[in-house]
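This report goes through the ligand site and a few backbone features of one protein model. The sequence and structure come first.

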Amino acid sequence: MNTPNSTLETLRLRTRAFIDDEVIPREDVSLAHDFAAQDRLIQVLRQKARETGVRGPGIPRELGGLGLSFRGRAVILEESGRSVLGPHALQAGPPDETNILMLDRLCTSAQRMRYLEPLAAGQTRSCFAMTEPPPGAGSDPAMLQTRAVRRNGTWIIDGRKWFISGALRADFAIVMAQTDSGPTMFIVDTDTPGYRMVRVIDALDGFISSHCELSFESCMVRDDAVLGQVGDGFAHAQLRLEPARLTHCMRFIGMARRALEIAERYVSGRESFGKPLGQHQNVQTLIADSHIDLYAARMMTFDVATRMDAGLSVKQESSMAKVFVSEAVGRVVDRAVQMTGAFGISSDSGLSALYREVRPFRIFDGASEVHRSAIAQRALKPYAQSQD
Ligand SMILES: Cc1cc2nc3c(=O)[nH]c(=O)nc-3n(C[C@H](O)[C@H](O)[C@H](O)COP(=O)(O)OP(=O)(O)OC[C@H]3O[C@@H](n4cnc5c(N)ncnc54)[C@H](O)[C@@H]3O)c2cc1C
């Protein structure tokens, strides 16, 4: 693997050993959708991660994390992604990791003490509430229906959100709502009257997080609940969306790599028609195409990470990487299932869980179709201008 320096390589090896020795042996398919049991296990693993020195690769150093660059994180999060439990064990999973980055840029000093520091220390949990059931905001954020109205020095929030990851156990939600001055983000404690976790949505994936429906009915917060500037909610959300997209790519590459490792082991041991499966040319094509997909996915992710570290705009590149990686990891896991036959379909192999986890990635952080449209529009822009 291409790693830029020896300190990072040492951390990569330590992370890999932690995932192999502590996390993978504790994987259990019966934990899928049992978020309380997952949570108990994650607390145990986080303590071990802390003792091993691998906790918080993306959390800034001043907040107690390892403070890695995006390029460094690309290496470590890929290793963590080899287990569905790995990213949360390292406190490098969604939505907290990217919420920490956004809060670090936007919090007032009071919000920093109250929300950011306990979150970074792993003492609290958060969620990010943007998406709404139809006819509200989904792919098109401008369809935002949740409203916040200023009254007597407070804000009254009314609306509905759904598919909010991590909301089941969140201590606070970062909520996007429309105001008279434009979209605005609010930090809402989940015990605020009028805030209600309506249900956990039964979803295809079962390990990344719970996904919840929330309602806000005359939910009153004070002025100091505003995160950043009133009216700048969409601009502020960009601080989170690009890193979220990229770190998902890192973790999912690890997940697909694990699927390929399982398949490679199987085709090396299992025989058909007088030779190991791996000696059949069609199977070799499946293996080779998966390595090509993973290599390309990793290089795109490394490139976007390097550009982000340099402070360059990555609008186009991060869209292209997100589309390619989300589709490539799906192809790799699908091929792994194919190569392992019935074993791959069973829970015994671990592949069925990986298959379920990678599928939603083509939808969240912007559906492939939406990114493709944006990529093409940016590419065509100079031509439209030249015809003016
Ligand atoms: C596992 C998971 C976790 C999530 N976690 C969160 C979270 O924590 N917080 C949060 O706020 N949201 C979360 N979401 C929601 C996610 O952000 C939305 O699903 C996403 O923005 C798409 O919105 P939608 O589901 O309403 O799809 P819709 O907007 O209804 O779109 C449906 C489909 O239509 C197509 N489409 C839409 N627009 C276009 C277009 N312009 N051109 C071509 N095709 C188009 C795409 O194929 C798209 O998949 C999560 C979703 C999933 C699946």
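## Elements around the ligand

Which elements each supply at least two residues of the shell around the ligand? In this predicted model, they are β1 (126–129), β3 (154–165) and α12 (368–386). Of the shell, β3 gives the largest share, with three residues.

The position of the ligand can also be described by domains. Residues of the shell come from both domain 2 (126–231) and domain 3 (234–386), so the ligand lies between these domains. The space that the ligand takes up is the largest pocket.

## Make-up of the shell

The ligand is surrounded by 17 residues. The closest of these are T131, S139, F163, S165 and E369. By residue class, the shell holds ten nonpolar, five polar and two charged residues.

## Polar contacts and cover

Three pairs of polar atoms can be listed for the ligand, two with the protein backbone and one with a side chain. On the backbone side, an N or O atom of F128 is 2.8 Å from a ligand nitrogen atom. A polar backbone atom of M130 lies 2.9 Å from an oxygen atom of the ligand. The side-chain contact is made by E369, which has a polar side-chain atom 2.8 Å from a ligand oxygen atom.

On its own, the ligand has 970 Å² of accessible area, and the protein covers 63% of this.

## Cis peptide bonds

Two peptide bonds between prolines are cis. One runs from P94 to P95, with omega near -5°. P95 is placed in the loop between α4 (86–89) and α5 (96–106).

The other cis bond joins P134 and P135, where omega is about 10°. P135 belongs to the loop between β1 and β2 (147–151). The strand at the start of that loop, β1, is also one of the elements that supply at least two residues to the ligand shell.

## A positive phi value

Where is Q91 placed? This residue is in the loop between α4 and α5, and P95 is in that loop too. Q91 is not a glycine, yet its phi is positive, near 55°.

Note on methods:
Residues numbered from 1 in each chain as written. Predicted model: local features only at pLDDT ≥ 70, side-chain atom pairs only at ≥ 80, totals over all residues. Heavy atoms only, no water. Near = heavy atom within 4 Å. Polar contact = N/O pair within 3.5 Å; in protein donor to acceptor, adjacent residues only side chain to side chain. Areas by Shrake-Rupley, 256 points an atom, 1.4 Å probe, with all protein chains shown as cover. 1 Å grid on protein atoms, 1.4 Å probe; cavity = no way out; pocket = protein on both sides within 12 Å on 5 of 7 lines; lining within 4 Å. Sits in = over half its atoms within 2 Å of the grid points. Helix = DSSP H or I, 4+ residues; strand = E, 2+ residues; numbered from the N terminus. Nonpolar A, V, L, I, M, F, W, Y, C, P; charged D, E, K, R; others polar. Domains from an automatic or database assignment.
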